[in-house]
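The following account is intended to be read alongside the sequence and the coordinates. Please keep both in view while reading.

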Amino acid sequence: MAQDNSPNKTITMNQRRSRTKFTEDQLKILIKAFHQNPYPGYATKQRLALEINTDESRIQIWFQNRRARHQCQKKSEPDEDLESSQDQDHSEEEIQSREDRRCHTSYTSSQLHTLIEAFMNNPYPGIDTREQLAKEIGIPESRVQIWFQSRRSRFHVQRKREPDDQDSEQRQDQEQDL
DNA sequence: GCTAATCTTATCAACAACCTGTTGATAAGCCCATTAGC
């Protein structure tokens, strides 16, 4: 999706998380797991994270990127290599057999207060800010990142709707005047 | 150039209050999302 060029974006760019460098052994394990199931549930991601000694959120991102690359590959070279042919059958059955999601995180009012305040200050916090917030409210950084994503999304939807709401209000006023 | 990190948007699903709205989690991205570190 197109991203805007707001000043906030610059803040994000400067504070990216440092790139994770997976070893060959780690990649072997991840690729094998991907062949078995490109949509692993939370339990599998946690197990993988433990196995290759990394964070579960990095496993999630790796699978997201892998799926994206894989989609491109499948389109450009259908029924080509072993990898593609092995993954041809993923689809409906696979979606049906998807593993459980992560448990719903519940935030306390004080945690939410801290997050909202931070959001108003900067809706695009970099890794340092997110980690600081995570530490402050005692929630994993990955959850803080997801919270900001959802918050921005709803904020954008709300802002898109606002002009419509104003229009309809104006129309109602005009109707009442008549 | 490859790919991890990040973004927006749409949708699913858990939860609080009791049928529906709110919001966290996840998936897709088609001029094959964009950005940026190695």
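The paragraphs below proceed from the overall fold to the DNA surface, and then to the salt bridges and two individual loop residues.

The model discussed here is predicted. Chain A comprises nine helices and zero strands, so its succession of elements from the N terminus reads α-α-α-α-α-α-α-α-α. Of its 178 residues, 29% are classed as buried. The chain is divided into domain 1, covering residues 24-74, and domain 2, covering residues 109-160. Taken over C-alpha atoms, the centres of domain 1 and domain 2 are 26 Å apart.

An annotation in the record can be set beside this division. An unreviewed UniProt entry lists residues 15-74 and 100-159 under "DNA-binding region". In the model, the span 100-159 is 72% helix and 0% strand, and 33 Å lie between its end C-alpha atoms.

The surface near DNA strand B may be considered next. There are 41 residues around DNA strand B, and those that come nearest are Thr-20, Tyr-39, Thr-105, Tyr-124 and Arg-152. On the DNA side, sugar and phosphate make up 66% of the atoms of strand B that come within 4 Å of the protein. By residue class, this surface consists of 16 charged, 13 polar and twelve nonpolar residues.

Which helices supply at least two residues each of the surface near DNA strand B? They are helix 1 (7-14), helix 4 (56-76) and helix 9 (141-177). Helix 9 provides the largest share, with eleven residues.

Three arginine side chains illustrate the polar contacts with DNA strand B. Arg-152 places a side-chain N or O atom 2.6 Å from a phosphate oxygen of the strand. Arg-143 also addresses a phosphate oxygen, with a polar side-chain atom at 3.1 Å. Arg-101, by contrast, approaches a base: an N or O atom of its side chain lies 3.0 Å from a base nitrogen of DNA strand B.

Attention now turns to the salt bridges, of which the whole structure contains four. One of them joins the side chains of Glu-51 and Arg-47, with an N to O distance of 3.2 Å. This pair is local: both residues belong to helix 3 (residues 42-51) and stand four residues apart, about one turn of the helix. Glu-51 counts as partly exposed because its relative accessibility is 47%, and Arg-47 is likewise partly exposed, at 44%.

A second salt bridge connects the side chains of Glu-56 and Arg-102, at 2.4 Å from N to O. Glu-56 belongs to helix 4, whereas Arg-102 is found in the loop between helix 6 (92-96) and helix 7 (109-121), so the pair ties together parts that are 46 residues apart in sequence. The two partners fall into separate accessibility classes: Glu-56 is buried, at 9% relative accessibility, while Arg-102 is partly exposed, at 23%.

The side chains of Glu-141 and Arg-130 form a further salt bridge, with an N to O distance of 2.5 Å. Glu-141 lies in helix 9 and Arg-130 in helix 8 (residues 127-137), so that distant parts of the chain, eleven residues apart, are linked by the pair. Both Glu-141 and Arg-130 are buried. The two residues also take part in a network of salt bridges that includes Arg-17.

Two residues in loops complete the description. Gln-15 is situated in the loop between helix 1 and helix 2 (24-36). With a relative accessible area of 24%, Gln-15 is partly exposed. How far apart are the C-alpha atoms of Gln-15 and Tyr-124? They are separated by 9.8 Å, although the two positions lie 109 residues apart along the chain in terms of sequence offset. Tyr-124 has already appeared among the residues that come nearest to DNA strand B.

Asn-53 occupies the loop between helix 3 and helix 4. Its phi angle is near 60 degrees, a positive value in a residue other than glycine. Asn-53 is classed as exposed because its relative accessibility is 70%, which exceeds the cut-off of 50%.

How values were computed:
Residues are numbered from 1 along each chain as its sequence is written. Chains are lettered from A and ligands numbered from 1 in the order in which they are written. This is a predicted model: local features need pLDDT of at least 70, side-chain atom pairs count only at pLDDT 80 or more; totals for chains, interfaces and linings use all residues. Side-chain values use heavy atoms; hydrogens and water are left out. Domain bounds come from an automatic or database domain assignment. A residue is near a molecule or strand if one of its heavy atoms lies within 4 Å of it. A polar contact is a pair of N or O atoms within 3.5 Å; within protein, one must be able to donate a hydrogen and the other to accept it, and residues adjacent in sequence count only if both atoms are side-chain atoms. Ala, Val, Leu, Ile, Met, Phe, Trp, Tyr, Cys and Pro count as nonpolar, Asp, Glu, Lys and Arg as charged, and the others, Gly among them, as polar. Buried means under 20% relative accessible area, exposed over 50%, partly exposed in between (1.4 Å probe, protein chains only). UniProt positions are given in the numbering used here, feature names are shortened, and annotations may be inferred rather than shown by experiment.
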